[in-house]
Amino acid sequence: MTPVKRIGILTGGGDAPGLNAVIRAVVKSATNSGIECVGLENGFDGLIEPNRSRILTPRDVTGILRLGGTILGTTNRGNPFIYPIETSEGTRDYSDRVIEMFHKMALDALVVIGGDGTLAIAHQFSLKGIPLVGVPKTIDNDIVGTTNCFGFDTAVDFATDAIDRLHTTAEAHRRIMVAEVMGRYAGWIALYAGVAGGADAILIPEIPFDISLVAERLRERDRWGAHFSIVVVAEGAFPKGGSESLLETAHGGFAERLGGIGARVCEALAKETGKETRSVVLGHLQRGGAPTSFDRMLATRFGGKAVELIKRGEFGVMVAFAPSNIVIRRLEDVVGKIKTVPMDFDLLLTAKALGVTFGD
Ligand code: F6P
């Protein structure tokens, strides 16, 4: 095995708190092992466009552990296999250019930090012979093979704080407050923040809801003297027999955008209960700010493990969290799938046992 001397690192997809902590861990541990790091900007753009990369030294990553965002920039519109271009073609396949650039830059391996989309791209490049290690990231926590992705804990913490704040104003006005949280195809954020924040109804994509059942539970609260209620809705939740609330459909390398279900639920609950209702979309606030200590730890462990794997020559894999260890998963076993909330998950069952309605 030829020793690895130079590696590239990139962040792709939507950002998540903890990306900088991974970059820092990779750069520090690689440099300490005599490996030079090249930071590639804006996901795979750093391997498509010239002058979109820079050497990263420990000096460059000092002080970034607690910063949200990513010092490398990111995009969820940069799949090199279907790269969006402004001509009638719409998209172009730049994958060969990426491979050429990888060799031209004298890189021996890549660390690809990203969500399901970015890891799927990484897998395709791995099949084309690029030695790489993936690091899973998403606040949605829906990547298969890892109990947690960094960013999720921070998002849940923020959403929980928001729900706490909604509680006091809901109680003061005897209103129903609806909070729409992120979670495109999985209800992890809604479930965790909903339970942690003491929500009365939690609506998730895994359980199509019946709004009249939700309304009945909230009316019941009124009857026993709780004149306010909190409803947490994942952006990907949808009514029984209905469909998701789309803001934009997927097109030419652009992912679909969800949103609006909170307002719909709010309106429907006002009609069904006769109570005053208000809704709020937490949106990208959940992705911003400093990572929690848990996410900093997880991101640091992922980064350290990624470098260890590169030194061992183990490629085509992803680092993962299987409490309390960092383990390895083959990319082919995780990409193209979504980790949804299982119906026998104890947190879901406990929430139901406590009287939380999921609209089913
Ligand atoms: O996948 C992470 C996520 O934050 C989803 O929860 C959300 O639907 C999506 O990204 C938003 O993407 P964008 O930043 O492109 O609006």
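## The ligand site and the enclosed cavity

The ligand sits in the largest pocket. The model described here is a predicted one.

Eight residues are named around the ligand in this report: Asn-76, Asp-140, Met-182, Gly-183, Arg-184, Glu-235, His-284 and Arg-287. Sorted by class, this shell holds 1 nonpolar, 3 polar and 4 charged residues. Met-182 is the nonpolar member, because Met counts as nonpolar under the classification used. Asp-140, Arg-184, Glu-235 and Arg-287 are charged, because Asp, Arg and Glu belong to that class.

Polar contacts link oxygen atoms of the ligand with side chains of the shell, and the table gives the distance for each of these residues.

| Side chain | Distance from its polar atom to a ligand oxygen atom |
|---|---|
| Glu-235 | 2.5 Å |
| Arg-287 | 2.8 Å |
| His-284 | 2.9 Å |

Taken alone, the ligand exposes 400 Å², and the protein buries 83% of that area.

A separate feature of the model is its enclosed space. How many cavities of 30 Å³ or more are counted? The count comes to 1 cavity. The largest cavity has a volume of about 40 Å³. Its lining consists of Asp-116, Leu-119, Asp-142, Ile-143, Val-144, Val-334, Val-335 and Lys-337. Divided by class, the lining of the largest cavity has 5 nonpolar residues, no polar residues and 3 charged residues. The charged members are Asp-116, Asp-142 and Lys-337, because Asp and Lys count as charged.

Note on methods. Residues are numbered from 1 along each chain as its sequence is written. This is a predicted model: local features need pLDDT of at least 70, side-chain atom pairs count only at pLDDT 80 or more; totals for chains, interfaces and linings use all residues. Side-chain values use heavy atoms; hydrogens and water are left out. A residue is near a molecule or strand if one of its heavy atoms lies within 4 Å of it. A polar contact is a pair of N or O atoms within 3.5 Å; within protein, one must be able to donate a hydrogen and the other to accept it, and residues adjacent in sequence count only if both atoms are side-chain atoms. Accessible areas come from the Shrake-Rupley method with a 1.4 Å probe; for residues, only the protein chains shown count as cover. On a 1 Å grid over the protein atoms alone, a cavity is a set of points where a 1.4 Å probe fits but cannot get out, and a pocket is an open set with protein on both sides within 12 Å along at least five of seven lines; lining residues have an atom within 4 Å of a point. A molecule sits in a cavity or pocket if more than half of its atoms lie within 2 Å of its grid points. Grid points are joined across faces, edges and corners, and a volume is the space filled by probe spheres set on the points.
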